Amino acid sequence: MTNWLGRVLEVEVGPVAHGGHCVARAEGRVVFVRHALPGERVRVEVTEDNGGSFCRADAVEVLAASEFRVTPPCPLAVPGGCGGCDWQHAAPAYQRELKAAVVAEQLRRLAGIEREVVVEALDGGPLDWRSRVRLVAGPDGRAGLRAHHSHRVVPLEKCPIAVPGALDDVLARRWRPGSELEVTKDGDGQVHVRELATVRGKVRAKQLSGGVAVQHAAGRDWQLDAHGFWQVHPAAAATFAQVVGEWAEAPAGGSAWDLYAGVGLFASVLAGQVGPAGHVLAVESGRRAVADGERNLADLPQVSWQAGRVEHVLASAAKPVDVVVLDPPRKGAGRAVVESIVAGQPDRIVYVACDPAALARDVAFFAANGYSLTDLRAFDAFPMTHHVECVALLS
């Protein structure tokens with residue numbers, strides 16, 4: 001088949017697809033189009049073609065615009081620009097509709113579940129929310145973000161989705177070309193910066209400011225590694241902890257598992273429910289996170305920590321268990337972990353997911369083991385991007 005790279009096509013844009021693009025068709029092939037919206041007629045330039053039944057393209061000219069199209073708030077959110085955002089050209093409420101359609105489609109296709117989905121906005125609006133950013137220094141030493149599906153660095157002067165004040169100092173100076181910069185602005189407004197530089201084949205981390213972040217959620221103050229896991233949106237941790245608490249309903253004196261526990265946000269909620277006579281097992285593979293969790297929850301002796309892979313730890317965990325909460329990485333939990341969970345015979349499982357496809361696959365695994373999806377909430381925890389966070393209840 002002829003390679004279409006660089007070819008310009010005129011297409012009618014079809015439905016949204018998972019990943020920040022829409023589906024179009026040309027000459028019998030699927031074209032995944034960025035910077036377009038469903039229903040539009042656009043002229044696209046093919047940016048990636050590995051042969052086969054599909055290719056990828058950017059909408060370089062809009063011939064008939066959607067009523068939901070807006071001017072992107074960032075001048076770099078255009079074809080050939082920064083790859084950090086996917087939907088700046090869509091009105092915020094319509095972005096949430098697109099994400100809801102993606103979640104519903106993944107559940108339908110991968111789990112066989114027909115369900116209407118609503119994506120809820122978090123407090124704070126569509127800009128100024130990103131509290132953690134990973135930048136890279138380009139050949140000229142200026143910090144920026146990579147272009148979509150590229151190693152090319154797009155230098156930044158500012159970032160409209162970043163928390164105000166987070167990037168000012170980092171963007172004002174020059175860095176060693178190729179260095180990566182991890183920036184976090186914590187719940188107290190302190191900015192933490194770590195530089196990762198590759199020297200003679202080894203990555204060396206240098207903390208330039210801060211290092212221990214302070215966060216506030218679930219009625220507690222948290223101290224943790226500034227570059228370890230914590231929700232990126234300032235309103236996300238408290239919101240998800242509230243939903244997990246409402247759905248978990250762990251009984252007083254009962255038992256619960258918090259899997260992929262991070263520093264124990266959900267474990268703290270479960271501990272309050274089971275009380276001093278109950279038990280919460282928190283499982284986390286990152287040893288720094290476990291140490292932070294043990295320190296932050298030292299006042300809750302009903303929480304015990306295990307460092308390791310979830311399926312390995314659960315093999316020897318006490319069973320049965322009343323409630324399980326899990327917040328796996330983007331790839332999801334997978335069949336082995338699902339089977340380890342259902343072996344504990346929990347009454348309820350609360351699943352926090354940052355990828356709808358992974359969630360849908362795991363929901364199908366749970367369904368094969370007798371657990372059905374009984375409730376679902378979705379949140380726009382990453383406005384302007386294609387990412388969406390879901391909380392699912394299985395019973």
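This passage walks through a predicted model from its barrel to its sheets, helices, cysteines and hollow spaces.

A good place to start is the barrel. Five strands close up into it, running in the order S1-S2-S3-S5-S4, and their pairing is mixed. Going from one strand to the next, the twist averages 50 degrees. One of the pairings is between strand S1 (residues 8-17) and strand S4 (residues 41-48), which sit side by side in the antiparallel sense, with five bridges between them. Within that pairing, valine 11 has valine 42 in S4 as its bridge partner. The UniProt record, an unreviewed entry, puts a feature called "domain: TRAM" at residues 2-61. In the model, that span is 63% strand and 0% helix, and the C-alpha atoms at its two ends are 24 Å apart.

The second largest pocket comes next, with a volume of about 260 Å³. It is lined by 19 residues, and those closest to its centre are Arg34, Thr47, Asp58, His148 and His149. Three elements each give two or more residues to this lining: strand S3 (29-34), S4 and strand S5 (54-64). The largest share comes from S5, which supplies three residues.

Further along the chain, three strands line up through two hairpins. Strand S10 (residues 180-185) pairs with S11 in the antiparallel sense over six bridges, and glutamate 180 has leucine 196 in S11 as its bridge partner. Five residues lie between these two strands in their hairpin, and there glycine 189 takes a positive phi near 85 degrees. On to the next pair: S11 and strand S12 (residues 202-209) are also antiparallel, joined over seven bridges. Here glutamate 195 stands opposite lysine 206 in S12. The hairpin of S11 and S12 has two residues between the strands, and arginine 200 in the turn has a positive phi of about 50 degrees. As for S11 itself (residues 191-199), seven of its nine residues are buried, so the strand is largely enclosed by the rest of the structure.

There is also an open sheet, this one built from eight strands. Their order is S6-S20-S21-S19-S18-S15-S16-S17, and the pairing is mixed. Strand S6 (119-121) and strand S17 (303-307) are the edge strands, each pairing on one side only. The twist in this sheet averages 15 degrees from one strand to the next. Inside the sheet, strand S18 (residues 323-326) and S19 run parallel and are joined by four bridges. Leucine 326, for instance, has tyrosine 351 in S19 as its bridge partner.

Just past S19 comes a residue worth a look. Aspartate 355 sits in the loop between strand S19 (348-353) and helix H8 (356-368). With a relative accessible area of 13%, aspartate 355 is buried. Its C-alpha atom is 17 Å from that of glycine 262, and the two residues are 93 apart along the chain.

Glycine 262 turns up again in the lining of the largest cavity. The count of cavities of 30 Å³ or more comes to three, and the largest has a volume of about 120 Å³. Among the residues lining that largest cavity are Phe229, Trp230, Asp258, Tyr260, Leu265, Phe266 and Asp327.

Leu265 and Phe266 also belong to helix H4, where both are buried. Is this helix mostly enclosed or open? Eight of the ten residues of H4 (residues 265-274) are buried, so the rest of the structure largely encloses it. Besides Leu265 and Phe266, the buried residues of H4 include Ala267, Val269, Leu270 and Val274. Right after the helix, glycine 275 takes a positive phi of about 75 degrees.

Finally, the cysteines. How many disulfides does the structure hold? The count is zero. For cysteine 82, the closest cysteine sulfur is in cysteine 85, and at 6.3 Å that is too far for a bond. Cysteine 159 is in no disulfide either, with its nearest cysteine sulfur, again that of cysteine 85, 6.2 Å away. Buried or exposed? Cysteine 82 counts as buried because its relative accessibility is 12%. Cysteine 159 counts as buried too, at 19% relative accessibility, which falls under the 20% cut-off.

Terms used: Residues numbered from 1 in each chain as written. Predicted model: local features only at pLDDT ≥ 70, side-chain atom pairs only at ≥ 80, totals over all residues. Heavy atoms only, no water. UniProt positions renumbered as here; feature names shortened; annotations may be inferred. Pairing = 2+ DSSP bridges. Axes fitted to C-alpha atoms, helices over the stretch in contact; angles between N-to-C directions. Disulfide = S-S within 2.5 Å. Buried < 20%, exposed > 50% of the residue type's maximum accessible area, 1.4 Å probe, protein only. 1 Å grid on protein atoms, 1.4 Å probe; cavity = no way out; pocket = protein on both sides within 12 Å on 5 of 7 lines; lining within 4 Å. Points joined across faces, edges and corners; volume = space filled by probe spheres on them.
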